[in-house]
Amino acid sequence: MSRDVQQQLESAYVMHTFGRAPVEFVGGHGMTLVDDEGREYLDFLAGIGVCCLGHGHPALTAALHDQTDRLLHVSNYFYIEHRGEVAALLSKLANDDMAGARAVADAVVAGDADAVQAAAKPAEDEQTWQTFFANSGAEANEGSMKLARLYAQRVGNGGNTIACLRGGFHGRTLETIAATMQDWLQDSFKPLPGGFVACTPNDVDELRSIFDRLGSEICAVMVEPIQGESGVHPLTPEFMRAAAELVHGVGGLLIADEVQTGIFRTGKPFAFQTLGVEPDIMSLAKGIAGGVPCGACVAKRAVADVFRPGDHGSTFGGSCLAMAAASAVLCELVRGRYDEHAAEVGSYLAERLARVPHVVDVRGAGLMVGCDLDEAAGDAHDVVSAMLGRSFVINATGAHTLRFLPPLICGREHVDALVAALAQVLA
Ligand SMILES: Cc1ncc(COP(=O)(O)O)c(C=O)c1O
């Protein structure tokens, strides 16, 4: 069907929650997207940080074909292939144990069940992390917040308030917009669920004063290590350290929302590892299954243990299809050392962007990069449109901020092409 017909149908029958660009994508390979007229675009958005292996990656495609041929879904009442190995990989990665993750990934790819069992077995003194599988980032955060409140009730400080950061973004459900401290996202949907308090990012004094006032009423602090939707604003290690110390000081938990920063994007498996501060719970989604909907709430064993059958659930979470995809994606990322690749190409991207006229500030880590434009550059959304006209898919998070979240397979040659086109558009 032609693009015009698609546009008419969508405009008549699909709710208008997104302003869409006038392009219809019908295919893709690697860093490239292909539209309905056969025109090729370089993708520096990756479906908002989702398609971490790019488009049509053979390992992911093969895993999906194999799974769809056999079984799509049976529910969480039964054991299935892949769910356990994905959770084991996440546990190894949360411990920054790349060698351990590699051993599991190699065994999974070899199809050697005994080797998987041996590699996934935790060492005597190893901390394990357990996972609840959901379908999206918002759902992963719902799981993380429910777990933190349940922990407080059953074994913790009895508090129920969650401290969140202004400018953060945690999803679109009512609970996650209550945690998203941005008026424009909250105002039309009040009353919102209670039990949240706002702090300015990187303001240790304000955070301290919140704890002085509320103390053990606070059961958790929830932060994005790098705020993505509000324009790629990293937290400082000092603030992360203070958040962990203060919340642990009252018997509460630190939650890292790694929905956008996680899964190798920032040069480490998870961004908290770049800040040197370990959370008790983290939320994942986006890249975890390379484009198949999947979310995850991952928690240290001692915390995860408070969830009992009936406390939380999902019909679709951890489905056969999502787990086959997540297993293929994680094995590929681990075996290909995409953490190192993202760090290397990401710093090249940041360094090249900083040299482009009208770019005034470049922020981020690995292949999660944002930059501000000066006034003379005009509206960033117009820059995004002009770049689309030149066959580059990029994104604006505000009137003066561009964001780049390319697939993690992005190479220097793609960065060179992007920066050359951007320099022309901005000139
Ligand atoms: C940090 C963060 N948390 C949560 C979400 C919500 O994820 P989803 O749209 O999959 O519900 C997003 C989405 O952009 C995000 O960036």
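Mentor: A polar contact is a pair of N or O atoms within 3.5 Å. Keep that cut-off in mind for the ligand, and note that this model is predicted.

Trainee: Which residues are closest to the ligand?

Mentor: The ligand is surrounded by 13 residues, and the closest are Gly-137, Ala-138, Asp-257, Gln-260 and Lys-286. Helix H7, residues 137-154, supplies the largest share of this shell, three residues. Sorted by class, the shell consists of six polar, four charged and three nonpolar residues.

Trainee: What does an oxygen atom of the ligand meet at Gly-137?

Mentor: At Gly-137 the partner is a polar backbone atom, and the distance is 2.8 Å. At Gln-260 an N or O atom of the side chain is the partner, with 2.8 Å to a ligand oxygen. Lys-286 places a polar side-chain atom 3.1 Å from an oxygen atom of the ligand. As for cover, the ligand on its own has 390 Å² of accessible area, and the protein covers 82% of that.

Trainee: How should I read empty space in the model?

Mentor: Rolling a probe the size of a water molecule over the atoms shows where empty space is left. Here, one cavity of 30 Å³ or more turns up, and the largest cavity holds about 30 Å³ of space.

Trainee: Which residues line the largest cavity?

Mentor: The lining is made of Gly-49, Cys-52, Gln-260, Gly-262, Ile-263, Arg-265, Lys-286, Gly-287 and Leu-408. Gln-260 and Lys-286 have already come up as contacts of the ligand. By class, the lining of this cavity has four polar, three nonpolar and two charged residues.

Trainee: Why does the largest cavity lie between domain 1 and domain 2?

Mentor: It lies between them because both domain 1 (3-56 + 339-426) and domain 2 (71-335) contribute residues to its lining.

Trainee: How many residues line the second largest pocket?

Mentor: There are 28, and those nearest its centre are Asn-76, Thr-131, Phe-132, Phe-133 and His-312. Helix H4 (83-94), strand S4 (129-134) and strand S12 (295-300) are the elements that each give two or more residues to this lining. S4 gives the most, with four residues. The pocket has about 910 Å³ of space. Its lining divides into 12 polar, 12 nonpolar and four charged residues.

Trainee: Last topic, the backbone. What should I look for?

Mentor: Most residues other than glycine have a negative phi, and most peptide bonds are trans. Exceptions are worth listing.

Trainee: Which peptide bond is cis?

Mentor: The bond from Lys-190 to Pro-191 is cis, and its omega is near 5°. Pro-191 sits in the loop that joins helix H9 (183-186) and strand S6 (196-199).

Trainee: Is the phi of Val-232 positive or negative, and where is the residue found?

Mentor: Val-232 has a positive phi, near 60°, although it is not glycine. Val-232 belongs to the loop between strand S8 (226-227) and strand S9 (233-234).

Technical notes
Residues are numbered from 1 along each chain as its sequence is written. This is a predicted model: local features need pLDDT of at least 70, side-chain atom pairs count only at pLDDT 80 or more; totals for chains, interfaces and linings use all residues. Side-chain values use heavy atoms; hydrogens and water are left out. A residue is near a molecule or strand if one of its heavy atoms lies within 4 Å of it. A polar contact is a pair of N or O atoms within 3.5 Å; within protein, one must be able to donate a hydrogen and the other to accept it, and residues adjacent in sequence count only if both atoms are side-chain atoms. Accessible areas come from the Shrake-Rupley method with a 1.4 Å probe; for residues, only the protein chains shown count as cover. Ala, Val, Leu, Ile, Met, Phe, Trp, Tyr, Cys and Pro count as nonpolar, Asp, Glu, Lys and Arg as charged, and the others, Gly among them, as polar. On a 1 Å grid over the protein atoms alone, a cavity is a set of points where a 1.4 Å probe fits but cannot get out, and a pocket is an open set with protein on both sides within 12 Å along at least five of seven lines; lining residues have an atom within 4 Å of a point. Grid points are joined across faces, edges and corners, and a volume is the space filled by probe spheres set on the points. Domain bounds come from an automatic or database domain assignment.
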